[in-house]
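Here is a short tour of a small set of computed geometry. Have the structure open beside the text as you read.

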Amino acid sequence: MSNLTELELQNLRHLIMGYDNSHCKMTNYADEATDQNVKQFFQKSAQSAMETKQQLMKFLQ
């Protein structure tokens, strides 16, 4: 793990949890969508949020 300060770790945790929350919400919205274009939009948004979360988690390794 990089030499991160306590504040940086807290900010990173906050960002990771935010993207995790966004992923869950977008997945739920996609599951509920009836319009295929809307469903696709939310699925892509959920995937993007998950990818960003995974990139941020690399800072913790």
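At what angle do helix α1 and helix α2 pack, and how far apart are their axes? In this predicted model, α1 covers residues 6-32 and α2 covers residues 36-57, and the two pack at an angle of about 160° with their axes 8 Å apart. Angles over 145 degrees count as roughly antiparallel, so α1 is roughly antiparallel to α2. The crossing of α1 past α2 is left-handed.

Now for the contact itself. On the α1 side, the participants include Leu12, Leu15, Ile16, Tyr19, His23 and Met26. On the α2 side, they include Phe42, Ala46, Ala49, Met50, Lys53 and Leu56. Charged residues take part too, among them Asp20 and Asp31 in α1 and Lys39 in α2. The contact of α1 with α2 breaks down by class as follows.

| Class in the α1 and α2 contact | Count |
|---|---|
| Nonpolar | 13 residues |
| Polar | 6 residues |
| Charged | 4 residues |

Stepping back to the whole chain, you will find 2 helices and 0 strands. The radius of gyration is 14 Å, well over the 10 Å that the globule rule gives for 61 residues, so the chain is more spread out than a compact globule. The C-alpha trace spans about 45 × 15 × 10 Å along its principal axes.

What share of the 61 residues is buried? Buried residues make up 16% of them. As for contacts with a separation of 6 or more, 64% are between residues 24 or more positions apart.

Conventions
Residues numbered from 1 in each chain as written. Predicted model: local features only at pLDDT ≥ 70, side-chain atom pairs only at ≥ 80, totals over all residues. Heavy atoms only, no water. Axes fitted to C-alpha atoms, helices over the stretch in contact; angles between N-to-C directions. Helix = DSSP H or I, 4+ residues; strand = E, 2+ residues; numbered from the N terminus. Parallel < 35°, antiparallel > 145°, perpendicular 65-115°, else oblique. Left-handed = near helix turned anticlockwise from the far one by under 90°. Contact = heavy atoms within 4.5 Å. Rg over C-alpha atoms; globule rule 2.2 N^0.38 Å. Buried < 20%, exposed > 50% of the residue type's maximum accessible area, 1.4 Å probe, protein only.
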